[in-house]
Amino acid sequence: MKKLLSLLLVLTFLSGCSTKEKQLEKYELSLFDAFDTYTVFAVYEDSEKRAEKHLDKISDKYQYYHRIFDGFNNYEGLNNLKTVNDNAGIKSVVVDESLYDLIESTLELSKRTDNLNIAIGPVTALWSSYRDLYNEGKSPEEVKALMGKEIPSDEDLEALRRLTNQDDILLNEEEKSVFLAKKGMKLDLGAVAKGYATERVAEFARDELGIESMVISAGGNVRFVGKPPGRKKYKVAIDHPDEDQEYLAVLEVEDTSVVTSGDYQRFFMYEGKRYSHIIDPKTLKPSDNYRSMSIITEDSFMADFLSTVFYLTPQEEIESMKDEFKVGVLFMKNDDEVHAMDEAKELMED
């Protein structure tokens, strides 16, 4: 659910390596159906056979996470996020350890901020219905005829607030089960699932497959493992929210994650106003604090979580929050002013 970052492969993957490193070649595998985004895995290996074997394992692992974090589809013999949501107010669901860990870890992180709420699913589902209709080309009159209103009313949203209390997410660590205490509740893990999966796959590639240099580009989530052969840094470009503009910034990085949230991929327009997919849990309405918010930190799960949290945070509070979480921050305000803080500023290409 985040804007695609453009990997500057022409800069990153040029050969110009040492004699030993020249043996390494870049191999890629692309996915089109995981986490509702286009994903590319790029590894450096000394043989095509080894690369294909590793890329197949990486792809299988990533698609496994996609299935268990999927809130829209059921899979035979698998209790996933949709299974949990389907059983809200009915019964607890024993889930895969990774899904349990993602929910538990996100709830624990949420105690440090009130700007992210994974129980907001009923609200995001409502806004998503409106977004889909407008993006299908429906007029406000047609949307009103179908939904009853041209956009969700305050009354509609407040009626859902009782279903968004994270205290009603009941976890049983021994059973690894999840119970949503009220019927109609729905978890939305869109702000964290892709980052969690990306980080776990990066760890798998590095620790179990022995891969020393790799890039995972999953929409707005980019994870760099190690360094590119023969070069000190990878280069990654953060797209400008306006398609006719140049890149917002180019960063030189190694062994880290760059994750971006923005208002320019999933949104709809109504009466000249842009309504993004990022919902403020306080107002239950789309946030318009920024055009783009990028977080730079090693852990992709943390970067994913914080890119949404910071997007929902007023600018005057970002300074203290980035110090608390020890991350680099780069963001663009609604007036097109770009701010780079700490590590982000240091990593920007001259």
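A residue counts as buried under 20% relative accessible area, as exposed over 50%, and as partly exposed in between. The exercises below apply this and related ideas to a predicted model.

**Exercise 1.** Determine whether Asp36 and Arg266 are buried, partly exposed or exposed, and describe how their side chains meet.

*Solution.*
Step 1. Asp36 has 56% relative accessibility, so Asp36 counts as exposed.
Step 2. Arg266 has a relative accessible area of 24% and is therefore partly exposed.
Step 3. The two side chains form a salt bridge, with 2.2 Å from N to O.
Step 4. Asp36 lies in the loop between strand 2 and strand 3, while Arg266 lies in the loop between strand 11 and strand 12 (267–270); the pair links distant parts of the chain, 230 residues apart.

**Exercise 2.** Carry out the corresponding analysis for the salt bridge of Lys182 and Asp168.

*Solution.*
Step 1. The N to O distance in this salt bridge is 3.4 Å.
Step 2. Lys182 is found in the loop between strand 6 (177–180) and helix 8 (193–208), and Asp168 in the loop between helix 7 (154–160) and strand 5 (169–172), so the salt bridge ties together parts 14 residues apart in sequence.
Step 3. With a relative accessible area of 28%, Lys182 is partly exposed, whereas Asp168, at 15%, counts as buried.

**Exercise 3.** Describe the open sheet of eight strands and explain why one side of strand 2 and of strand 16 is left without a neighbour.

*Solution.*
Step 1. The strand order is 2-3-7-8-11-14-15-16, and the pairing is antiparallel.
Step 2. Strand 2 (25–34) and strand 16 (338–341) stand at the edges; each has a single partner strand, so one side of each has no neighbour in the sheet.
Step 3. From one strand to the next, the twist averages 10°.
Step 4. Strand 2 pairs with strand 3 (residues 37–45) over eight bridges. Within this pairing, Lys26 has Tyr44 in strand 3 as its bridge partner.

**Exercise 4.** Relate helix 9 to the sheet and to the largest nonpolar core.

*Solution.*
Step 1. Helix 9 lies across strand 8 (221–225), strand 11 (257–262), strand 14 (290–297) and strand 15 (328–333), and runs at about 150° to strand 14.
Step 2. The largest nonpolar core holds 85 residues, and Phe69, Ile169 and Phe310 have the most contacts inside it.
Step 3. Helix 9 (residues 300–311) supplies the largest share of this core, namely eight residues.
Step 4. A second, separate core of 18 residues includes Ala42, Val253, Ala344 and Leu347.

Technical notes
Residues are numbered from 1 along each chain as its sequence is written. This is a predicted model: local features need pLDDT of at least 70, side-chain atom pairs count only at pLDDT 80 or more; totals for chains, interfaces and linings use all residues. Side-chain values use heavy atoms; hydrogens and water are left out. A nonpolar core is a set of buried Ala, Val, Leu, Ile, Met, Phe, Trp, Tyr and Cys residues joined through side-chain atoms within 4.5 Å. Buried means under 20% relative accessible area, exposed over 50%, partly exposed in between (1.4 Å probe, protein chains only). Helices (H or I, at least four residues) and strands (E, at least two) are DSSP runs, numbered from the N terminus. Two strands pair if DSSP finds at least two bridges between them. Axes are lines fitted to C-alpha atoms, for helices over the stretch in contact, and angles run from 0 to 180 degrees between N-to-C directions. Contact means heavy atoms within 4.5 Å. A salt bridge is a side-chain nitrogen of Lys or Arg within 4 Å of a carboxyl oxygen of Asp or Glu.
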